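Work through the exercises below with the sequence and the model side by side. Try each task before reading its solution.

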Amino acid sequence: MELLHSLINAVNDVLWGKVLIALLLAVGLYFSLRSGLLQLRLFSRGWREMMGGRGGHVSKNDISPFQAFATGLASRVGTGNIAGVAIAIAAGGPGAVFWMWLTALLGMSSAFVESTLAQLFKTSHHDDTFRGGPAYYIQKGLGLRWLGVLFALCLILAFGLVFNAVQANSIVAATEGAWGWNRYAVGVGLVLLTAPVIFGGVRSVARVAEWLVPVMALIYLLMAFYVLAIHAAELPGLVALIVKSALGLEQAAGGVAGYAVSQAMMLGIKRGLFSNEAGMGSAPNAAATATSKHPASQGAIQMFGVFIDTMVVCTATAAIILLSGVHDQGLSGVALTQKAVESQFGPIGVSFLAVAMFLFAFSSILGNYAYAEGNVEFIRNNKRALLGFRLVVLAMVMFGALASLPLVWDMADLAMGLMALINLVAIVLLSRYFFTVLGDYQRQLKAGVAAPEFKADQYPELAGKVEKGVW
């Protein structure tokens with residue numbers, strides 16, 4: 001087992017340390033420049049699409065654009081927004097926040113592309129809902145089913161199984177630390193809460209996510225806004241500190257500017273990418289389930305998931321930590337965030353953070369399941385396979401509540417790294433289809449069409465690749 005763990009870590013060091021970060025940034029930069037910075041040009045349009053997506057139902061059973069967005073955000077916004085930001089600041093300093101912002105800005109373009117492709121190549125589930133994602137567009141767009149299956153297996157292992165165990169483990173740690181709750185009881189409670197939602201399928205997950213995600217975000221942001229309000233006079237200095245630290249100006253006097261910048265850059269980019277998942281191929285699985293009039297409209301909506309995750313929620317955590325003045329006391333991860341919250345709110349802040357951790361982690365369990373369900377059906381679409389998978393998910397939730405997870409977490413990192421690698425190559429190879437769809441969307445907007453509609457039969461190059469009747 002030690003040899004296996006060492007081998008997995010060696011591969012992860014190369015994959016995440018040298019290959020993926022460069023590739024994720026390069027792909028984000030490529031789509032940003034080639035599209036004329038669509039994340040800026042279509043930002044206001046994405047906001048309108050998101051707000052209008054609540055009422056986007058075609059039938060009483062379908063999944064609206066906003067529900068699909070909320071499902072994707074449920075998985076995206078998790079414990080990484082609380083612990084990951086703290087790790088980046090502890091190891092890379094305040095400047096890491098700047099690089100998280102820059103990563104999100106580039107990642108918004110990749111998120112737009114992958115979610116648009118997921119919509120374009122989605123397939124009908126014959127119950128007023130759809131399924132799709134990288135596995136589907138790899139098979140349909142590139143004609144490589146074996147590669148789609150490999151992607152699906154990696155996603156099922158990472159998001160469907162291991163990450164759900166990790167989220168359960170985070171909930172247990174938070175409740176045990178705040179209130180001394182018994183981990184066995186918490187594990188059973190989580191299983192009982194999760195079971196009825198996932199047995200209701202993706203539609204049930206979407207309906208829970210539609211109200212849980214806004215409530216979760218509101219509770220956490222209210223806490224952050226309170227901290228900002230009582231430290232309002234310090235905000236200009238905070239922004240200056242972040243920028244100066246990112247560019248090495250803060251450390252120049254000490255002669256360590258180069259090292260400090262590289263540390264801030266590496267940690268900020270890495271934690272930013274881990275948190276917002278842009279380009280990794282996870283969120284498109286939720287994006288594909290929506291009933292939309294145009295593939296690009298869901299791309300514009302999902303782009304906001306990256307913005308909210310990093311620019312809003314991660315920034316809120318960073319502000320709480322930096323304004324508390326405890327970031328240089330040798331703490332990291334959840335312990336650093338807990339200390340920062342406690343310094344602002346007293347002992348009640350620890351309980352408040354435990355509630356936030358529960359909401360973030362539980363929503364991630366549901367969002368992760370939604371991602372994985374479509375990929376299980378991609379490999380084998382029958383009720384027995386789906387039933388077996390749901391039971392394994394519940395078992396992993398219980399396992400995560402009780403176990404130590406270093407090996408399985410590293411295995412999940414490997415699986416997630418492989419799926420990201422496959423997805424990034426796929427979206428670049430399929431970029432011509434994306435730009436066809438984007439051009440159609442922009443032409444209709446320019447012509448004054450309030451709600452663009454996509455008609456695939458107008459584009460011969462899509463014949464035989466897009467499912468008939470979907471567009």
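**Exercise 1. Decide whether E373 and R131 are buried or exposed, and find what joins them.**

Step 1. Both E373 and R131 are buried. Buried means under 20% relative accessible area, exposed means over 50%, and partly exposed lies in between (1.4 Å probe, protein chains only). For E373 the relative accessible area is 1%.

Step 2. Know the ground rules. This is a predicted model, in which local features need pLDDT of at least 70 and side-chain atom pairs count only at pLDDT 80 or more, while totals for chains, interfaces and linings use all residues. Residues are numbered from 1 along each chain as its sequence is written, and side-chain values use heavy atoms, with hydrogens and water left out.

Step 3. Look at the side chains. E373 and R131 meet in a salt bridge, 3.1 Å from N to O. A salt bridge here is a side-chain nitrogen of Lys or Arg within 4 Å of a carboxyl oxygen of Asp or Glu.

Step 4. Place the two partners. E373 belongs to helix 16 (residues 347–379) and R131 to strand 2 (residues 130–131), so their bridge ties together parts that are 242 residues apart in sequence. Helices (H or I, at least four residues) and strands (E, at least two) are DSSP runs, numbered from the N terminus.

**Exercise 2. Follow the salt bridges outward from E373.**

Step 1. Find another partner. E373 also bridges to R390, with the closest N and O atoms 3.3 Å apart. R390 sits in helix 17 (residues 383–402) and E373 in helix 16, so this pair ties together parts that are 17 residues apart in sequence.

Step 2. Check the cover of R390. Its relative accessible area is 12%, so R390 is buried.

Step 3. Name the network. Salt bridges link R131, E373, E377 and R390.

Step 4. Turn to another bridge. E176 and R183 meet at 3.1 Å, N to O. E176 is partly exposed, at 35% relative accessible area. R183 is partly exposed too, at 24%.

Step 5. Count. The structure holds 6 salt bridges.

**Exercise 3. Describe two aromatic pairs by distance and angle.**

Step 1. Set the rule. Rings of Phe, Tyr and Trp (its six-membered ring) pair if their centres lie within 6.5 Å; planes under 30 degrees apart count as stacked, over 60 as edge-to-face and the rest as tilted. The whole structure has 23 aromatic pairs.

Step 2. Take F159 and F163. Their centres are 5.1 Å apart and their planes 75° apart, an edge-to-face pair. The two residues are 4 apart in helix 8 (residues 145–179), so about one helical turn separates them. F159 and F163 are both buried.

Step 3. Take F345 and F352. This pair is stacked, with 6.5 Å between centres and 5° between planes. F345 is partly exposed at 27% relative accessible area, and F352 is partly exposed at 34%.

Step 4. Look for a group. Y30, F31, F112, F434 and F435 form one aromatic cluster.

**Exercise 4. Which charged residues lie over the faces of F130 and F378?**

Step 1. Apply the test: NZ of Lys or CZ of Arg must be within 6 Å of the ring centre and within 35 degrees of the ring normal.

Step 2. Read off the partners. K122 lies over F130, 3.9 Å from the ring centre. R145 lies over F378, 4.7 Å from the ring centre.

**Exercise 5. Trace the nonpolar surface patch.**

Step 1. Set the rule. Patch residues have over 30% relative accessible area and no salt bridge; like charges are joined within 9 Å, and nonpolar side chains (Val, Leu, Ile, Met, Phe, Trp, Tyr) within 5 Å. Areas come from the Shrake-Rupley method with a 1.4 Å probe, and for residues only the protein chains shown count as cover.

Step 2. List the members. L29, L33, L37, L40, L102 and L105 make a patch of about 520 Å².

Step 3. Find the helices. Helix 1 (2–34) and helix 6 (95–120) each supply at least two of the patch residues. L102 is found in helix 6 and is partly exposed, at 35% relative accessibility.

**Exercise 6. Compare distance in sequence with distance in space.**

Step 1. Start with I156, in helix 8. I156 is buried at 12% relative accessible area. I156 and A372 are 216 residues apart in sequence and 5.1 Å apart in space, C-alpha to C-alpha.

Step 2. Go to G78, in the loop between helix 4 (65–76) and helix 5 (83–92). G78 and N375 are 297 residues apart in sequence and 21 Å apart in space, C-alpha to C-alpha.
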